[in-house]
Number of protein chains: 2
Amino acid sequence: MRVGIQGDVGSFSEEAARRLLGNEISVVGFRRFEDVFAAVARRELDGCVVPLENSIAGSVHTNYDLMLKYHFRICREYYLRVCHHLIVFPGVDLKDIRTVISHPVALAQCERFLGMHPEWEVVATYDTSGSVREVMEKNLRDCAAIAGRRAAECFGGEILVSNIQDSVENYTRFVFLRLEPTGETGDKVSLVFRLANVPGTLFRALGVFAQRGVNLLKIESRPLKDRPWEYLFYVDLAGGLGEDKVAEAVEELQGVCEYIEVLGCYSGIGMMDTGEGRL
Amino acid sequence: MRVGIQGDVGSFSEEAARRLLGNEISVVGFRRFEDVFAAVARRELDGCVVPLENSIAGSVHTNYDLMLKYHFRICREYYLRVCHHLIVFPGVDLKDIRTVISHPVALAQCERFLGMHPEWEVVATYDTSGSVREVMEKNLRDCAAIAGRRAAECFGGEILVSNIQDSVENYTRFVFLRLEPTGETGDKVSLVFRLANVPGTLFRALGVFAQRGVNLLKIESRPLKDRPWEYLFYVDLAGGLGEDKVAEAVEELQGVCEYIEVLGCYSGIGMMDTGEGRL
């Protein structure tokens with residue numbers, strides 16, 4: 001199975017892909033999300049694993065847009081806890097370090113730890129796993145990288161200090177997407193629908209779920225730039241399309257809204273243990 | 001008036017602060033959002049200007065969290081269109097450029113343009129405006145920076161190619177926050193409230209608005225990590241607290257939810273013209 005990700009080996013996307021689909025898959029890295037989706041659409045890949053939301057940074061609208069553009073379906077989801085580690089060439093000690101390199105977002109998420117070492121020079125790089133690669137390939141003994149565990153494993157780096165991120169509640173929801181139409185198995189449904197912004201329309205839309213006792217797991221509005229006062233709504237439901245009340249609610253919703261698309265029916269696994277402590 | 005921002009002079013935050021509050025303000029830059037909020041709480045500043053959401057990257061949950069932690073109030077908002085420009089030392093020509101530097105997020109948002117110049121080496125830096133500063137201070141004639149117009153103005157750089165970002169729909173919503181309690185003037189209200197995830201609770205909560213014909217401008221759910229099945233909801237309403245129907249709806253909502261906080265009542269200006277074309 002060939003699965004596309006944005007980024008390189010050792011990245012959090014690769015880690016998510018392997019946790020979702022196992023170690024036997026072949027992971028193909030692309031520079032941009034658009035390139036990943038296009039390759040799946042050309043059937044060069046069996047699917048892709050992309051982030052949909054992060055607990056600190058919010059929804060990744062780019063990927064919601066690409067899901068709609070390409071009509072891909074969510075087949076699985078995985079909540080990856082984002083843990084950053086200080087990674088060095090094996091044997092290097094804290095006192096040897098003069099420079100720390102990583103992606104600026106990772107650096108920003110480890111400011112408390114970095115603040116305890118004002119003697120280090122902090123340098124921004126293009127990506128987290130690439131920083132580990134650089135330390136290892138260039139045999140750097142006075143430079144540490146900040147990245148995930150997978151990057152250390154990929155390039156043979158040693159984790160000198162683990163879990164150095166400021167917030168323990170930093171997790172990213174990844175989804176496995178395919179071209180195939182969604183099935184009815186699973187206990188979670190993701191929808192996107194559009195409503196005219198007439199007062200009470202959203203209320204009526206949500207009524208189709210409330211009346212049947214169907215729980216919402218997520219709701220997010222997104223204004224449409226080219227249609228003033230109209231919105232897209234992203235909604236996740238607790239329940240699969242195999243359940244009558246869910247299927248009926250989705251059908252009734254089609255009469256309420258101007259446009260609806262079922263993004264997938266899949267197993268909602270909640271926030272999983274990534275082997276680095278429960279969320 | 002002293003106003004805090006995250007980042008440096010020439011950044012998009014500074015541009016937003018000046019558009020919100022005029023050119024007479026004194027803008028103080030901090031490295032982290034947390035530092036900005038803490039300085040306002042210590043009354044070292046009169047307020048701060050921070051981003052709440054971006055059309056591509058989603059809501060900035062960090063700042064929603066900090067607003068709740070410090071009980072700041074939204075006084076104004078501004079939608080800043082994020083436009084990236086290729087900025088050089090004055091007189092430098094396209095053919096002189098060998099290297100392009102900027103923050104990785106800005107580089108990623110200009111991939112189409114950069115793809116037309118494969119001969120350029122692209123190097124990641126810590127921030128957009130700092131890249132312009134580097135080009136100017138080091139007198140670099142073979143290096144261009146990617147940043148906003150404000151950075152070019154601050155450091156005397158020349159915009160060689162304007163609007164090189166891939167997406168024209170890249171805008172960030174900035175808010176001006178203060179310690180003072182919210183007033184009743186304005187035509188937009190931002191709320192945060194918590195609901196137990198009993199089926200239909202959200203439906204009931206939204207009913208208080210629907211029954212009175214109060215429009216929602218934004219709704220977003222956010223799961224609470226330490227309270228399974230409970231959510232925070234961020235909601236923006238069309239209408240001010242000075243209007244009876246809005247005030248009554250907010251009051252009734254207090255009986256429906258477990259916790260509610262009015263984040264502000266202010267003038268909702270919609271997406272404003274930034275002088276670089278309407279959204």
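The crossing of H8(B) and H9(B) is right-handed. This is a predicted model, and what follows covers helix packing, the match between chains A and B, and the surface where they touch. On that last point, 34 residues of chain A are in contact with 34 residues of chain B.

**H8 and H9 in chain B**

- Helix H8 (residues 201-210) of chain B packs on helix H9 (residues 244-256) of chain B at about 165 degrees, and their axes sit 9 Å apart.
- With an angle over 145 degrees counting as roughly antiparallel, that makes H8(B) roughly antiparallel to H9(B).
- On the H8(B) side, the contact is made by B:Arg204, B:Ala205, B:Val208 and B:Phe209.
- H9(B) answers with B:Ala249, B:Glu252, B:Leu253 and B:Val256.
- Sort the residues of this H8(B)–H9(B) contact by class and you get six nonpolar, no polar and two charged.

**H8 and H9 in chain A**

- In chain A, the axes of H8(A) and helix H9 (residues 244-256) come within 9 Å and cross at roughly 165 degrees.
- H8(A) and H9(A) are therefore roughly antiparallel to each other.
- The handedness of the H8(A)–H9(A) crossing is right-handed.
- From H8(A), the residues involved are A:Arg204, A:Ala205, A:Val208 and A:Phe209, and they meet A:Ala249, A:Glu252, A:Leu253 and A:Val256 in H9(A).
- The class split for the contact of H8(A) with H9(A) is six nonpolar, no polar and two charged.

**H2 and H3 in chain B**

- Helix H2 (residues 33-41) and helix H3 (residues 61-70) of chain B have axes that come within 10 Å and cross at roughly 25 degrees.
- Since angles under 35 degrees count as roughly parallel, H2(B) is roughly parallel to H3(B).
- H2(B) and H3(B) also make a right-handed crossing.
- B:Phe33, B:Glu34, B:Phe37 and B:Ala41 are the H2(B) residues here, meeting B:Thr62, B:Asn63, B:Leu66 and B:Tyr70 of H3(B).
- By class, the contact of H2(B) with H3(B) comes out as five nonpolar, two polar and one charged.

**How the two chains relate**

- A turn of 180 degrees, with a shift of 0.0 Å along the axis, lays chain A on chain B with an RMSD of 0.0 Å.
- The two copies are thus related as by a two-fold rotation axis.
- Looking for the axis in chain A? The C-alpha nearest to the axis belongs to A:Glu220, at 2.1 Å.
- Both copies use the same surface, as 100% of the contact residues of chain A recur in chain B.

**Where chain A touches chain B**

- Back to the interface: 34 residues of chain A contact 34 of chain B.
- Four elements of chain A give two or more residues to the side touching chain B: strand E4 (58-59), helix H3 (61-70), helix H8 (201-210) and strand E13 (215-223).
- E13(A) gives that side its largest share, six residues.
- The side of chain A that touches chain B has 15 nonpolar, 13 polar and six charged residues.

**Domains of chain A**

- Chain A is divided into domain 1 (2-81 + 170-178), domain 2 (85-161) and domain 3 (188-266).
- Between the C-alpha centres of domain 2 and domain 3 of chain A, the distance is 44 Å.

Key
Residues are numbered from 1 along each chain as its sequence is written. Chains are lettered from A and ligands numbered from 1 in the order in which they are written. This is a predicted model: local features need pLDDT of at least 70, side-chain atom pairs count only at pLDDT 80 or more; totals for chains, interfaces and linings use all residues. Copies are superposed by least squares on the C-alpha atoms of residues with pLDDT of at least 70 in both. Two residues are in contact if their C-beta atoms, placed from the backbone, lie within 7 Å. Axes are lines fitted to C-alpha atoms, for helices over the stretch in contact, and angles run from 0 to 180 degrees between N-to-C directions. Angles under 35 degrees count as roughly parallel, over 145 as roughly antiparallel, 65 to 115 as roughly perpendicular and the rest as oblique. A crossing is left-handed if the near helix is turned anticlockwise from the far one by less than a right angle, and right-handed if clockwise. Ala, Val, Leu, Ile, Met, Phe, Trp, Tyr, Cys and Pro count as nonpolar, Asp, Glu, Lys and Arg as charged, and the others, Gly among them, as polar. Domain bounds come from an automatic or database domain assignment.
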